[in-house]
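Reader: I've just opened this one and don't know my way around yet. Could you walk me through it with a few questions and answers?

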Amino acid sequence: MTDEGKPPPALWPHQHKATETVRDYLSLWSSEAGSCLITMPTGTGKTATIAAGIADAAAKTASRPNSPVRHFLVLAPWAGLVRQLKNDLGARAWTRLGAEKPSGYPDVTDLPSAAQINDIKAATKPHVYVGTIAKVVRISRDALRAGIDPAGYFTNFTAIWVDEGHYEPAPTWSDAIRALKRPTILMTATPYRNDEKFFHIQADARYRFTHHDAVSARLIRTPQFTQVRDASPEGFVKQLIETIDGLPAGSRAIVRCANADSIRRCVRALEDARRTVIGVHETFSTTAKEPNFRKTVPLPDDEPAQFWVHQYKLVEGIDDPRFRVVAFFDDLGNDRALVQQIGRVLRNPAQDPKDMQAQVLARTVQVEETWTKYMAFDSEAEPASTAAAPDLVTSILKHHPETIYYDRRFRTLISRDDTTAWRGFTYPLTARIYRIERDTVLGDLAEAVEKEWDAADRTLFVRQAPDEFTVVLPYVSVRNSPYLRSMAFPEPRFGYTLMRRSGSHLFYLDTEGQVAEAVDVYLPETRQKLARLMAGNSRFTTVSLSNTDVGRRAIRARTLRAASIGDIAPDLTDHAYLCSTASGYPAGEPTVRRYVGMGRARIRDSASEEETFSNYRSWTDRIAKVLEDESTEPPAVFGRYAEPVDQPDDPQPRNILIDIDAEAFHREGDDGRHELLLGDYAGTVAADGSFTVQVGDDEVEAIIKWNEQRRRYDVESDSLKALGYQEKEGSQRELVTAINADQAFSIVPGTDHYIYSRSNFFRPQTPGQGAKWWLLDLLTGVPALDDLKTEKGKAIDGDGWQSSSVFALIDTLKDPSKKAKDDPLSRHFPEIDFLLCADMGTEVADFVACQPGRAAFIHAKAGSGSKRSASALQEVASQATKNLLYLQPLTQQTPPVDAWAAPWKSGHVKGTTNRLRLGTQTTSEAMWARIRRELVDPNCEREVWLVVGAALSLSTLKAESKKDKPSDELLQIHALLQTVWNAVSQCGARLRIFCSP
């Protein structure tokens with residue numbers, strides 16, 4: 001080392017400048033300052049610059065009397081890069097610089113694990129600790145869980161260097177690194193500035209050495225592109241060998257393939273050509289039969305092979321200048337990765353003017369096209385990036401006319417500094433509703449949200465305050481058109497985030513649908529209170545249901561739409577479903593259509609009134625008032641479904657089903673875009689909360705734990721996050737973040753008979769108990785049926801059946817003068833003009849009754865008088881169900897009607913009578929035509945009647961259903977009649993059951 005504060009003289013000029021930038025940054029850094037960014041192309045000595053910067057800072061510290069021990073932290077995204085960095089920083093970087101490692105240079109060692117991180121404090125001399133970013137994430141996470149500030153472990157660190165600082169997912173690790181509260185130097189080989197979304201870079205703490213400058217300094221080679229015409233492995237390898245044989249002796253080649261199979265094919269082709277080769281892939285292992293396959297990347301000095309074939313493992317981390325050829329058997333789908341891959345063969349540390357070319361072979365022209373665009377990008381004085389959104393917005397506003405005529409109005413341009421801009425916004429009646437304390441300070445919350453939006457590249461306008469209870473944060477977000485593959489057309493979109501406090505509720509609206517983490521810490525409003533928004537005689541038209549059964553073959557969810565959900569039959573298994581969303585018309589507001597999302601506490605109203613802030617404010621206050629009204633009863637329809645309940649005694653998860661729309665997620669890999677393939681089954685959760693998620697062919701480790709403070713479960717998985725899956729649309733949230741934010745899973749907890757789904761615990765109801773047994777509402781007690789124990793009687797009495805039979809009671813429909821006492825049947829057909837006895841043979845029903853706008857298939861059964869005979873009901877239920885086909889308006893099937901014109905007779909009843917009890921039709925065909933005339937009318941009330949005599953008693957069933965444990969026979973009756981009810985409802989008809997009182 002030379003004089004204190006000076007880097008080694010063997011450094012190249014650009015390394016000197018980079019080191020000086022770092023020195024100045026460290027001398028001025030404070031806890032409020034941002035990071036330092038050093039951009040240097042691959043092959044221009046990033047690692048040597050890190051080594052020189054550490055040496056410089058170490059010497060400066062050592063020169064001070066009584067200076068404490070000061071360490072350094074160097075981080076990389078991958079374990080392979082960590083191994084290389086340790087080797088380079090410890091020795092090889094100094095060898096390449098041609099300089100002796102300074103005597104006071106710290107020892108280089110591994111960063112301790114989270115469990116051993118305290119060992120750093122015991123170190124008596126300086127160290128350079130090298131580790132993966134994931135390790136720092138774990139250290140930070142474990143410290144925070146234990147209530148410890150992770151920065152306390154690193155107070156005696158001079159600085160943190162982050163190699164490959166452009167890497168994603170930056171939100172995950174930037175939080176952990178910034179939490180260490182130490183100076184941070186980001187080292188990157190590319191001029192992409194995505195990291196600026198998550199690290200604040202000081203304006204005077206930047207140094208950029210361009211690719212063009214590196215070429216001019218003869219530090220890196222210029223790639224020469226050749227397109228390979230023969231797409232086969234053999235033809236591709238033949239041209240590759242011809243290329244490398246024309247280069248200096250000892251030249252090496254990297255071959256990039258899309259998958260393990262392609263690697264094997266290329267390795268075999270090179271072996272057949274008698275060339276030394278290795279294939280590297282995560283799934284490979286070296287065996288006697290396959291000696292040329294490797295699981296990990298060897299050090300170039302330890303491996304003599306001339307050809308190195310891989311999928312991802314050699315995109316970076318290889319810095320041997322003997323590699324002069326890169327061959328793309330398969331392209332990389334990511335431009336950044338492609339540039340990194342080509343960078344592996346551009347190193348020319350000797351600055352040899354005769355070694356200024358590298359060879360790039362590919363089967364497509366896209367590789368060369370991408371490189372050309374990269375060089376154009378690099379030549380810009382200050383490359384554009386996602387961080388340039390504010391400049392783009394400013395430019396758009398600057399060049400936009402002050403006034404335009406658009407969409408039938410004269411409009412003035414919005415100003416970023418106008419505090420009254422909110423007056424010109426539209427306010428749709430929608431919000432997520434959270435429970436908050438009445439003294440919550442909106443200003444503090446708005447500041448936290450603004451920081452999030454700034455990190456998410458939203459360009460914020462000045463904060464708006466329409467009143468003391470409301471904050472509006474306008475912004476512009478920018479995206480590239482999704483319809484452009486390789487070109488650019490930035491699309492700005494205006495939006496805003498609104499937060500309004502009304503009583504103990506926070507109404508949150510983001511026009512892009514993104515929920516800020518600062519807001520999501522609050523508890524969403526409960527389902528029980530949200531149900532009040534559809535109370536009274538509200539008419540439900542749509543419900544979305546999620547199943548509490550997480551079995552492999554269970555239906556996950558279903559959606560019902562009807563003119564009125566209350567008018568259709570519940571499903572036999574409705575008690576095991578939870579209502580996740582409901583839409584309809586709230587009581588007293590017949591022109592307002594309301595949507596209520598139970599899991600996310602989201603409400604949306606349609607309204608014809610103008611979408612002004614005044615109307616939005618009134619709307620939120622009305623909603624808050626309804627939510628806080630304890631006298632409001634939830635709607636009866638919700639009683640069909642699983643009941644939301646309080647937290648059980650043991651919330652420890654036993655099983656988990658990740659319940660997301662996998663089609664909404666993908667990842668951008670180096671080999672293109674990958675759809676999310678997620679195992680759709682419930683996995684077992686171990687006692688420590690660990691479980692596995694099936695992602696494609698891989699099992700990914702994860703942990704789920706109950707968060708008592710937030711009253712919810714949280715999933716953690718660094719491995720799943722590392723896969724890089726994110727939403728395709730909207731805010732493009734990372735997969736694990738989206739799973740937690742939406743609570744998109746179902747949990748079987750330790751307490752039996754409970755399920756957790758979409759932010760709530762539920763307890764599926766037991767069918768057949770008390771008021772929850774909806775079938776009771778279908779039953780009508782008819783005193784005349786109480787003693788009717790025969791269906792048809794023993795003989796015809798006059799022109800009809802014996803009065804002691806069920807048939808005789810039904811027959812009274814045709815003649816009001818002969819109606820039985822307290823008969824409730826005829827009121828359903830006050831204008832009856834057709835009654836047919838279709839009994840015997842292949843029948844559609846025992847009777848068919850019609851009047852204009854109404855038709856009923858009537859099925860009769862007497863029973864033996866047991867008052868709750870499941871066996872007697874089985875027969876009549878079966879008859880009703882099997883003939884529903886003929887009740888369908890669009891059915892083309894004609895029932896057997898030949899016997900309808902003939903007299904009715906039965907081998908068990910003496911005598912005969914006319915089948916047509918009321919009507920003027922003379923042929924069977926005319927009778928069916930009369931029935932069909934009603935059935936095909938969309939406005940016809942189609943009904944199925946079960947008239948069951950003494951086989952069923954309403955009072956007996958009510959008494960039995962109130963017992964703590966209903967009888968097995970009652971549950972059988974429930975299942976039987978519920979099945980009929982549901983089948984009838986599916987046909988768009990109504991079921992009526994007439995029985996004993």
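## A first walk through the model

Author: Let's start with one residue: Pro77 is buried, with a relative accessible area of 16%. Keep in mind that this is a predicted model.

Reader: Where is the place of Pro77?

Author: Pro77 counts as buried because its relative accessible area is 16%, and buried means under 20%. Its C-alpha atom is separated by 7.3 Å from that of Ala134, 57 residues apart along the chain. As for its place, Pro77 is in the loop between β2 (71–76) and α3.

Reader: Strand β2 pairs with β4, I gather. How many bridges join β2 to β4?

Author: These two strands run parallel. One facing pair is Val74, which stands opposite Val130 in β4. The number of bridges joining β2 to β4 is five.

Reader: And which residue stands opposite Val128 in β4?

Author: Here we turn to β3, which pairs with β4 in the parallel sense over four bridges. Opposite Val128 in β4 stands Val108.

Reader: How many residues of strand β4 are buried?

Author: Strand β4 covers residues 127–132. His127, Tyr129 and Gly131 point one way, while Val128, Val130 and Thr132 point the other way, and all are buried. That fits a strand that is mostly covered, and the count of buried residues is six of its six.

Reader: Let's try charges. How many residues apart are Asp110 and Lys86?

Author: The side chains of Asp110 and Lys86 meet in a salt bridge, at 3.0 Å from N to O. This pair links distant parts of the chain, with Asp110 in strand β3 (residues 107–110) and Lys86 in helix α3 (residues 79–97). Asp110 counts as partly exposed at 38% relative accessibility, and Lys86 counts as partly exposed at 28%. Along the chain, the two are 24 residues apart.

Reader: Are Asp605 and Arg594 buried or exposed?

Author: Asp605 forms a salt bridge with Arg594, and the closest N and O atoms are 2.8 Å apart. Asp605 lies in strand β28 (residues 602–605) and Arg594 in strand β27 (residues 594–597), so the pair ties together parts that are eleven residues apart in sequence. Both Asp605 and Arg594 are buried.

Reader: Which parts does the salt bridge between Asp742 and Arg600 tie together, and how many residues apart are they in sequence?

Author: In this salt bridge the closest N and O atoms are 3.2 Å apart. Asp742 lies in helix α17 (residues 735–742) and Arg600 in the loop between β27 and β28, so this pair ties together parts that are 142 residues apart in sequence. Asp742 is buried, with a relative accessible area of 11%, whereas Arg600 is partly exposed at 38%. To give the separation once more, it is 142 residues.

Reader: How many salt bridges does the count come to?

Author: Some of them are linked in a network, with Arg141, Asp142, Arg145 and Glu716 taking part. The count comes to 46 salt bridges.

Reader: What phi does Ala601 have?

Author: Most residues other than glycine have a negative phi. Ala601 lies in the loop between β27 and β28, and it counts as buried at 0% relative accessibility. Although Ala601 is not a glycine, its phi is positive, about 55 degrees.

Reader: What about the phi of Gln743?

Author: Gln743 sits in the loop between α17 and β38. It is buried, with a relative accessible area of 2%. Gln743 is not a glycine, yet its phi is positive, about 50 degrees.

Reader: Which are the edge strands of the open sheet of six strands?

Author: The six strands come in the order β29-β40-β39-β38-β30-β33, and the pairing is antiparallel. Inside that sheet, five bridges join β30 (residues 653–658) to β38 (residues 745–749), and Pro653 stands opposite Pro749 in β38. The edge strands each pair on one side only, and they are β29 (643–645) and β33 (683–684).

Reader: One last thing: which residues gather in the patch of negative charge on the surface?

Author: One member, Asp698, lies in strand β35 (residues 698–707). At 48% relative accessibility, Asp698 counts as partly exposed. The residues in the patch are Asp697, Asp698, Glu699 and Glu701.

Methods
Residues are numbered from 1 along each chain as its sequence is written. This is a predicted model: local features need pLDDT of at least 70, side-chain atom pairs count only at pLDDT 80 or more; totals for chains, interfaces and linings use all residues. Side-chain values use heavy atoms; hydrogens and water are left out. Patches are made of residues with over 30% relative accessible area and no salt bridge: like charges are joined within 9 Å, nonpolar side chains (Val, Leu, Ile, Met, Phe, Trp, Tyr) within 5 Å. Accessible areas come from the Shrake-Rupley method with a 1.4 Å probe; for residues, only the protein chains shown count as cover. A salt bridge is a side-chain nitrogen of Lys or Arg within 4 Å of a carboxyl oxygen of Asp or Glu. Lys and Arg count as positive and Asp and Glu as negative; His and the chain ends are not counted. The place of a charge is taken as NZ of Lys, CZ of Arg, CG of Asp or CD of Glu. Buried means under 20% relative accessible area, exposed over 50%, partly exposed in between (1.4 Å probe, protein chains only). Two strands pair if DSSP finds at least two bridges between them.
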